[in-house]
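Student: Could you take one part of this protein and go through it with me slowly, saying what surrounds it and how it fits with the rest? I would like one connected explanation rather than a list.

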Amino acid sequence: MDDSKINYIHKDLAAGRWFELSLPEQLGNVGSEVGRATRYHRDGQLERRNRALDRALELLDLTISDLRWRGPRLQEICRAREVLADTFFGDNQYHDSPEALEKYFSHFAILARRNRWHKDIAKEI
């Protein structure tokens, strides 16, 4: 499919910036949207939840298209997308919860933050 015809929500990221981020940074950003979706879901704000999920799924799709993550990593990313969609929109065949998914993705945000901190410290030395 020609990406120029896709109407991305995250236009600047889809244009290339996303592919400069590490995997923890990418998945940590997905986690931010999952966290929003979880909060809106809990509060019964389904329209806002669905918009956050659209953003999360788009970011996961961008991550899936990142050629750096081929192999077992790609399988894990695809499964995470499948579980996310199933939890909120499907039959919940994986018996997961919005809170568990938020926790799963939050670990990547923590790792990305730690990695960035280590890089910043190394620059100062």
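Tutor: Helices here are DSSP runs of H or I with at least four residues, numbered from the N terminus. With that in hand we can place the residue I would like to start from, Phe-88, which lies in helix H4. Please keep in mind throughout that this is a predicted model.

Before the close look, a brief view of the whole is useful. The protein has five helices and zero strands, so that, read from the N terminus, its elements run α-α-α-α-α. Buried residues make up 37% of its 125 residues, and the protein exposes about 8100 Å², of which carbon and sulfur atoms supply 52%. Among the contacts between residues at least 6 apart in sequence, 63% join residues at least 24 apart, and the part we are about to examine offers an example of residues that are far from one another along the chain and yet touch.

Let us begin with H4 itself, which has 18 residues and reaches 25 Å from its first C-alpha to its last, close to the 26 Å expected at 1.5 Å a residue. The buried residues in this helix are Leu-74, Ile-77, Ala-80, Val-83, Leu-84, Asp-86, Thr-87 and Phe-88. Phe-88 counts as buried because its relative accessibility is 8%, and the cut-off for that word is under 20%.

What does Phe-88 touch, if we do not count residues up to four places away in sequence? The answer is Ala-37, Thr-38, His-41, Arg-49, Leu-53, Pro-98 and Leu-101. One of these, Thr-38, deserves a careful look, since Phe-88 and Thr-38 are 50 residues apart along the chain, while their C-alpha atoms are separated by 9.3 Å.

Thr-38 belongs to helix H2, which covers residues 23–42. It is buried, with a relative accessible area of 0%, and, again leaving out residues up to four places away in sequence, Thr-38 touches Phe-88, Pro-98, Glu-99 and Glu-102. If we compare the two lists, Pro-98 appears among the contacts of Phe-88 and also among those of Thr-38. The helix around Thr-38 is mostly covered, with 14 of the 20 residues of H2 buried. Its length can be checked in the way we checked H4: at 1.5 Å a residue, the 20 residues of H2 should span 28 Å, and its end C-alpha atoms are indeed 28 Å apart, which agrees. In another part of the picture, Arg-39 lies over the face of Tyr-40, at 5.5 Å from the ring centre. After H2 comes Gly-44, whose phi is positive, near 75°.

From Phe-88 we can also follow the chain onward, into the loop between helix H4 (72–89) and helix H5 (98–124), where Asn-92 is found. Most residues other than glycine have a negative phi. Asn-92, however, has a positive phi, near 55°, in a residue other than glycine. His-95, which has its place in the loop between H4 and H5 as well, likewise has a positive phi of about 55° although it is not a glycine. As for their surroundings, Asn-92 is partly exposed, with a relative accessible area of 24%, whereas His-95, at 71% relative accessibility, counts as exposed.

Beyond the loop we reach H5, and here the aromatic rings are worth following. Two aromatic pairs are counted in all. In one of them, the rings of Tyr-104 and Phe-105 have their centres 5.0 Å apart and their planes at 85°, so the pair is edge-to-face. In the other, the rings of Tyr-104 and Phe-108 have their centres 5.4 Å apart and their planes at 75°, so this pair is edge-to-face too. The label follows from the angle between the planes, because over 60 degrees counts as edge-to-face. Tyr-104 and Phe-108 both lie in helix H5, four residues apart, about one turn of the helix. Tyr-104, Phe-105 and Phe-108 form one aromatic cluster, in which Tyr-104 is partly exposed at 27% relative accessibility, Phe-105 is buried at 0%, and Phe-108 is buried with a relative accessible area of 19%.

Methods:
Residues are numbered from 1 along each chain as its sequence is written. This is a predicted model: local features need pLDDT of at least 70, side-chain atom pairs count only at pLDDT 80 or more; totals for chains, interfaces and linings use all residues. Side-chain values use heavy atoms; hydrogens and water are left out. Helices (H or I, at least four residues) and strands (E, at least two) are DSSP runs, numbered from the N terminus. Buried means under 20% relative accessible area, exposed over 50%, partly exposed in between (1.4 Å probe, protein chains only). Contact means heavy atoms within 4.5 Å. Accessible areas come from the Shrake-Rupley method with a 1.4 Å probe; for residues, only the protein chains shown count as cover. Rings of Phe, Tyr and Trp (its six-membered ring) pair if their centres lie within 6.5 Å; planes under 30 degrees apart count as stacked, over 60 as edge-to-face and the rest as tilted. A charge sits over a ring if NZ of Lys or CZ of Arg is within 6 Å of the ring centre and within 35 degrees of the ring normal. The expected span of a helix is 1.5 Å times one less than its number of residues.
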